[in-house]
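Hi,

Here is the structure I promised to pass on. Have a look at it first, and my notes follow underneath.

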Amino acid sequence: MEIGQSQEDYLETIYLLQEDGIPVKNVSLAKRMGKSKPSVTVAIQTLEQKGYLTKQEHGILELTEKGRDLAKRVYERHCFFHGYFTRIGLSEEEADENACAIEHVLSENCYRKLKEKLGEV
């Protein structure tokens, strides 16, 4: 993918907040993610330049179709791995930490094959 793990995390967080009907601004995103406002500003500018989101009136962030598609894929992977890890006995916290790490590194092919092998298709 053309963006890194951290930027995917931003997209995923924006996606989840929007799904909950929460208007997302840099400040609320910084608070939710535990990041500094300057770090969020830089990440948002990069994502905007790459066509993953736009900044609307009053600073509200909106995912583009490209950004929404990627965020949904990352979130789907997270849910898959989180569910699998809890089924094999990891705590919710440990399952979440591991799902967050692995959701970014597997190729699409590897992810699909894992889902098929584990009967999750």
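Reading along the sequence, you go through the pattern α-α-α-β-β-α-α-α. That comes to 6 helices and 2 strands. Bear in mind that this is a predicted model.

On overall shape: a compact globule with 121 residues would have a radius of gyration near 14 Å, and the protein comes in at 15 Å, so the two agree. Along the principal axes, the C-alpha trace spans about 45 × 25 × 25 Å. As for the interior, 36% of the 121 residues count as buried.

Two spots are worth pulling up on your screen.

The first is His 58, which sits in the loop between strand S1 (53–55) and strand S2 (61–63). His 58 isn't a glycine, yet its phi is positive, at about 65°. For background, most residues other than glycine have a negative phi. Is His 58 buried or exposed? Its relative accessibility is 61%, and the cut-off for exposed is over 50%, so His 58 counts as exposed.

The second is a negative surface patch, made up of Glu 92, Glu 93, Glu 94, Asp 96 and Glu 97. If you want one residue to start from, take Glu 94, which belongs to helix H5 (residues 92–102). Glu 94 has a relative accessibility of 39%; that falls between the 20% and 50% limits, so this residue counts as partly exposed.

That's what I have for now. Shout if anything is unclear.

Cheers

Conventions. Residues numbered from 1 in each chain as written. Predicted model: local features only at pLDDT ≥ 70, side-chain atom pairs only at ≥ 80, totals over all residues. Heavy atoms only, no water. Patch = residues over 30% accessible without salt bridge, like charges linked within 9 Å, V, L, I, M, F, W, Y side chains within 5 Å. Areas by Shrake-Rupley, 256 points an atom, 1.4 Å probe, with all protein chains shown as cover. Salt bridge = Lys/Arg side-chain N within 4 Å of Asp/Glu carboxyl O. Lys, Arg positive; Asp, Glu negative; His and termini not counted. Charge placed at Lys NZ, Arg CZ, Asp CG, Glu CD. Helix = DSSP H or I, 4+ residues; strand = E, 2+ residues; numbered from the N terminus. Buried < 20%, exposed > 50% of the residue type's maximum accessible area, 1.4 Å probe, protein only. Rg over C-alpha atoms; globule rule 2.2 N^0.38 Å.
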